[in-house]
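Hi there,

Here is the structure I promised to pass on to you. Have a look at it first, and then read on for my notes on the contacts between side chains.

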Amino acid sequence: QAHLVESGGGSVQAGESLTLSCVGSTYTGGTFCWAWFRQAPGKEREGVATYSSPGTGTYFKKYADSVKGRFTIFRDKGRNTLYLQMQSLTPEDTAMYYCAAVATVSPSRCGEQLSTPNFDSWGQGIQVTVSA
């Protein structure tokens with residue numbers, strides 16, 4: 001399991017941008033499936049984006065339809081940090097955002113975890129509030 005800590009949340013106006021960070025202390029070696037999820041009050045948890053890379057210069061990313069074209073997930077392996085760059089934010093993006101990770105032997109299937117999550121490590125969450 002990984003110990004994950006999110007940061008970068010806050011309150012912004014609609015149309016503005018935010019970048020979330022998730023620092024993870026993981027086991028050395030191996031490939032991980034990383035993800036961002038969010039949960040708004042009174043709503044179910046929603047998968048936002050997934051990321052995995054077998055370290056060959058190949059990246060597998062998948063986005064929820066609701067954020068496609070506005071959000072970008074990426075990872076700085078040297079900093080052991082996962083990012084979620086969010087642009088053109090709307091009030092509908094207001095939620096608690098969580099990062100998650102799980103070791104995987106099938107990085108190409110990481111995107112399946114967007115709808116059927118099976119992560120064993122979760123961050124504590126970070127609040128994002130977007131005002132109209």
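**Salt bridges**

Asp93 and Arg38 meet through their side chains in a salt bridge, with 2.9 Å from N to O. This pair links distant parts of the chain: Asp93 sits in the loop between strand 8 (81-86) and strand 9, while Arg38 belongs to strand 4, 55 residues away in sequence. Please keep in mind throughout that the model is predicted. Asp93 has a relative accessibility of 1% and counts as buried, and Arg38 counts as buried too, at 5%.

The count for the structure comes to six salt bridges. Another one is formed by the side chains of Asp65 and Lys68, at 3.1 Å from N to O. Are these residues buried or exposed? Asp65 and Lys68 are both exposed. Arg79 and Asp76 also form a salt bridge, with an N to O distance of 3.4 Å. Here Arg79 is exposed at 59% relative accessibility, whereas Asp76, at 27%, is partly exposed. Salt bridges with shared partners also join Arg38, Glu46, Arg70 and Asp93 into one network, so the pair I began with, Asp93 and Arg38, belongs to that network.

**Aromatic rings**

Strand 4 comes up again with the rings. There are six aromatic pairs by count. One of them is Phe37 with Phe119, an edge-to-face pair with 5.6 Å between the centres and 75° between the planes. Phe37 lies in strand 4 (residues 31-39) and Phe119 in the loop between strand 9 (95-104) and strand 10 (121-122), so this contact ties together parts 82 residues apart in sequence. Both of these phenylalanines, Phe37 and Phe119, are buried.

Phe37 has a second ring partner in Trp122: the centres are 5.1 Å apart and the planes stand at 55°, so this pair is tilted. Again distant parts of the chain are linked, with Phe37 in strand 4 and Trp122 in strand 10, 85 residues apart. As for accessibility, Phe37 is at 1% and counts as buried, while Trp122 is partly exposed, with a relative accessible area of 31%. Taken together, ring pairs link Phe37, Phe119 and Trp122 into a cluster.

Which residue lies over the face of Phe37? That is Arg45, at 5.4 Å from the ring centre.

**Disulfides**

A search of the whole structure turns up two disulfides. In one, Cys22 is joined to Cys99, with 2.0 Å from S to S. The link of Cys22 and Cys99 is right-handed, with 55° about the S-S bond. Cys22 is in strand 3 (residues 18-25) and Cys99 in strand 9, so the disulfide links distant parts of the chain, 77 residues apart. Cys22 is buried at 0% relative accessibility, and Cys99 is buried with a relative accessible area of 0%.

The other disulfide is formed by Cys33 and Cys110, whose sulfur atoms are 2.0 Å apart. Its torsion about the S-S bond is about 75°, so the disulfide of Cys33 and Cys110 is right-handed. Cys33 lies in strand 4 and Cys110 in the loop between strand 9 and strand 10, so the pair ties together parts 77 residues apart in sequence. Cys33 counts as buried at 1%, and Cys110 is buried with a relative accessible area of 2%. With the bonded cysteines numbered in sequence order, the pairing reads 1-3, 2-4.

Happy browsing, and best wishes!

Definitions and conventions: Residues are numbered from 1 along each chain as its sequence is written. This is a predicted model: local features need pLDDT of at least 70, side-chain atom pairs count only at pLDDT 80 or more; totals for chains, interfaces and linings use all residues. Side-chain values use heavy atoms; hydrogens and water are left out. Rings of Phe, Tyr and Trp (its six-membered ring) pair if their centres lie within 6.5 Å; planes under 30 degrees apart count as stacked, over 60 as edge-to-face and the rest as tilted. Helices (H or I, at least four residues) and strands (E, at least two) are DSSP runs, numbered from the N terminus. Buried means under 20% relative accessible area, exposed over 50%, partly exposed in between (1.4 Å probe, protein chains only). A charge sits over a ring if NZ of Lys or CZ of Arg is within 6 Å of the ring centre and within 35 degrees of the ring normal. A disulfide is a pair of cysteine sulfur atoms within 2.5 Å. A salt bridge is a side-chain nitrogen of Lys or Arg within 4 Å of a carboxyl oxygen of Asp or Glu.
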